[in-house]
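Subject: Structure handover

Hello,

Here is the structure I said I would pass on. Please open the sequence and the model side by side, then read the notes below.

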Amino acid sequence: MLLVCSSRCGGGLFRALFAEVDLDAGGAYQDHRVTQPGYVCLNCGAPAFDLGEVPSEMAAEDEADAAPTTTDILCPVCESLVQVDAGMECPNCGAPLEVA
Ligand SMILES: [Zn+2]
Ligand SMILES: [Zn+2]
């Protein structure tokens with residue numbers, strides 16, 4: 001987990017908004033669990049984000065982006081019709097190809 005203030009005020013303290021705190025009979029803190037992600041900056045009151053969750057979300061997007069996007073283009077060097085991903089070389093002659 002890596003919490004950051006959405007206002008970037010530099011505050012380093014945050015409060016979980018939807019945490020359930022377990023107490024013993026005397027009111028001493030025992031444990032807590034966050035029932036729903038949600039944090040607020042204690043310095044300025046702005047919502048805070050958990051940057052620790054971003055990489056996995058971005059990875060999910062990357063996987064979606066990684067769906068096959070091959071394109072049929074005519075190699076300008078060997079003049080064969082080749083199917084390539086963006087940024088690939090011609091499989092026949094190795095010429096760099098620009099996929100429009
Ligand atoms: Zn703040
Ligand atoms: Zn070629």
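Strand 7 and strand 8 form a hairpin, with six residues between the two strands. In the turn of this hairpin, E79 has a positive phi of about 60 degrees. The two strands, residues 71-74 and residues 81-84, are paired in the antiparallel sense over four bridges. One pair to look for is L74 and its bridge partner in strand 8, L81.

Please keep in mind that this is a predicted model. The mean pLDDT of the protein chain is 81, and 77% of its residues reach 70 or more. Among the elements, helix 1 (residues 54-65) has the lowest mean pLDDT, 64. The highest, 91, belongs to strand 5 (residues 39-41).

Overall layout

The protein chain has one helix and eight strands. Along the sequence they follow the pattern β-β-β-β-β-β-α-β-β. Of the 100 residues in the chain, 5% are buried. Among contacts between residues at least 6 apart in sequence, 40% join residues at least 24 apart.

The open sheet

Which strands make up the open sheet, and in what order? There are four, in the order 1-6-5-2, and their pairing is antiparallel. Strand 1 (3-5) and strand 2 (14-16) stand at the edges; each has a single partner strand, so one side of each has no neighbour in the sheet. On average, neighbouring strands in this sheet are turned by 40 degrees against each other, direction ignored. As background, strands of a sheet pair through backbone hydrogen bonds, in either a parallel or an antiparallel way.

Going through some of the pairs:

- Strand 1 is joined to strand 6 (residues 47-50) by three bridges, and the two run antiparallel. V4 has F49 in strand 6 as its bridge partner.
- Strand 5 is joined to strand 6 by two bridges, again in an antiparallel pair. V40 stands opposite P47 in strand 6.
- Strand 5 and strand 6 also form a hairpin with five residues between the strands. In this hairpin, G45 takes a positive phi near 85 degrees.

Two residues with positive phi that are not glycine

R8 has a positive phi of about 50 degrees although it is not a glycine. R8 is found in the loop between strand 1 and strand 2. Is R8 buried or exposed? R8 has 10 C-beta neighbours inside 10 Å, and therefore counts as exposed.

E79, the turn residue of the hairpin described at the start, is another such case: its phi is near 60 degrees, a positive value in a residue other than glycine. E79 is located in the loop between strand 7 and strand 8. With 9 other C-beta atoms within 10 Å, E79 is exposed.

After strand 8

C93 lies in the segment after strand 8. C93 has 14 other C-beta atoms within 10 Å, so it is partly exposed; a residue needs 20 or more to be buried and 12 or fewer to be exposed. Which residues does C93 contact, leaving aside its neighbours within four places in sequence? They are C75, V77 and C78. C93 can also be located relative to the loop residue E79: the two are 14 residues apart along the chain, and their C-alpha atoms are separated by 9.7 Å.

E98 lies in this segment after strand 8 too. E98 is exposed, with 8 other C-beta atoms within 10 Å. The C-alpha atoms of E98 and A86 are separated by 7.1 Å, with the two residues twelve apart along the chain.

Where to begin

A simple route is to find the hairpin of strand 7 and strand 8, then go to C93 and its contacts C75, V77 and C78. After that, turn to the four-stranded open sheet and trace its order, 1-6-5-2. When you come to helix 1, remember that its mean pLDDT is 64, the lowest among the elements.

Regards

How values were computed:
Residues numbered from 1 in each chain as written. Chains lettered and ligands numbered in written order. Predicted model: local features only at pLDDT ≥ 70, side-chain atom pairs only at ≥ 80, totals over all residues. pLDDT = per-residue confidence, 0-100. Pairing = 2+ DSSP bridges. Axes fitted to C-alpha atoms, helices over the stretch in contact; angles between N-to-C directions. Contact = placed C-beta atoms within 7 Å.
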